[in-house]
Amino acid sequence: MSHKSMAHRTATLERTYAASPARAFHAWANPDLRRVWGAPSDEVEIRNDASDFRVGGEDIQTCLVEGHPVATVVGRYHDIVPDARIIYTEVIRDEAQLQGMSLVSAEFIAEGKGTRLVVTLQTLAVDGSDLLAEAELGWTSALDRLGALLVTA
Amino acid sequence: MPNILSPDSNALDRGFQALADATRRGVIARLAQGEASVADLAAPYDMALPSFLQHVRVLEAAGLISTVKTGRVRTCWLEAQRLAALDQWIAGYEAAWNTRLDRLGQILETKGDTQ
């Protein structure tokens, strides 16, 4: 299978927390706290293999499902403004190949006693046989039905 | 890259024109099962290979399929399927971030109001 398809998308997520920007920022800066809230789903446990929260520093996390590694995430911090802004990239690979990467820009905005958190994700997904094998499961049957429809039309 | 899902109406026109042909719809249906060589795709049709290749070119120009030639074999795949799979990966990634930010909110709530 050749590797030439890519998809890009930008999404902005917003939350308002009762905690101060300093506390919200601390939860990002502290690797132990980040391990707790940073799992991509309840089934996935995060193992911190390296943590270095400073500009140029690298985080390496392994995603474990029932103890088995399913993906590694390598993050690099590009800009840190305490209690205000974190800009970093994360690169996601499974054991075989690159799956995708994202430029993550987090803004911590004081709002009353709380914090409005604005996270912008600029994400690239690249094709690879394993990724497509998984993702295609959900699409193949729909496309089969479409194909059958088109043939009989 | 042209895409039938694009709001660009020219791309839509090309997509619909490409599908306005039984042979080309057959190729799409076959590629929905997985990638295939031009020779395999052409086998069910009583058609000279150069004529069949014209159909492949129309589908490729419409962005519905992509092809790559390796040696003497030209392999074709359904581009819409790949793009849909990649979009799904990004949707999953964004959903994971939504989960994270909700969990972060729970942590911030349960840990008192001082750092």
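The questions and answers below concern a predicted model, its chain B and a helix contact with chain A.

Residues are numbered from 1 along each chain as its sequence is written, and chains are lettered from A in the order in which they are written. Because the model is predicted, local features need pLDDT of at least 70 and side-chain atom pairs count only at pLDDT 80 or more, while totals for chains, interfaces and linings use all residues.

Reader: In what order do the elements of chain B run from the N terminus on?

Author: Helices (H or I, at least four residues) and strands (E, at least two) are DSSP runs, numbered from the N terminus. Chain B has five helices and three strands. From the N terminus on, the order is α-α-β-α-α-β-β-α.

Reader: Is Gln17(B) buried or exposed, or partly exposed?

Author: Gln17(B) is found in helix α1 (residues 9-19) of chain B. A residue is buried if 20 or more other C-beta atoms, placed from the backbone, lie within 10 Å of its own, exposed if 12 or fewer, and partly exposed in between. Gln17(B) has 13 C-beta neighbours inside 10 Å, so the residue counts as partly exposed.

Reader: Which element gives the most to the largest nonpolar core?

Author: A nonpolar core is a set of buried Ala, Val, Leu, Ile, Met, Phe, Trp, Tyr and Cys residues joined through C-beta atoms within 7 Å. The largest has 25 residues, and Leu31(B), Leu59(B) and Leu64(B) are among those that touch the most other members. Two or more residues come from each of α2 (22-31), α3 (38-42), α4 (49-61), β3 (73-78) and α5 (79-110) of chain B. With seven residues, the element that gives the most is α5(B).

Reader: How is α1(A) set against α5(B)?

Author: Axes are lines fitted to C-alpha atoms, for helices over the stretch in contact, and angles run from 0 to 180 degrees between N-to-C directions. The axes of α1 (residues 21-29) of chain A and α5(B) come within 11 Å and cross at roughly 120°. Angles under 35 degrees count as roughly parallel, over 145 as roughly antiparallel, 65 to 115 as roughly perpendicular and the rest as oblique. The crossing angle therefore makes α1(A), relative to α5(B), oblique.

Reader: Which residues of α5(B) make the contact with α1(A)?

Author: Two residues are in contact if their C-beta atoms, placed from the backbone, lie within 7 Å. On the side of α1(A), the contact is made by Arg23(A), Ala24(A) and Ala27(A); on the side of α5(B), by Leu104(B), Ile107(B) and Leu108(B).
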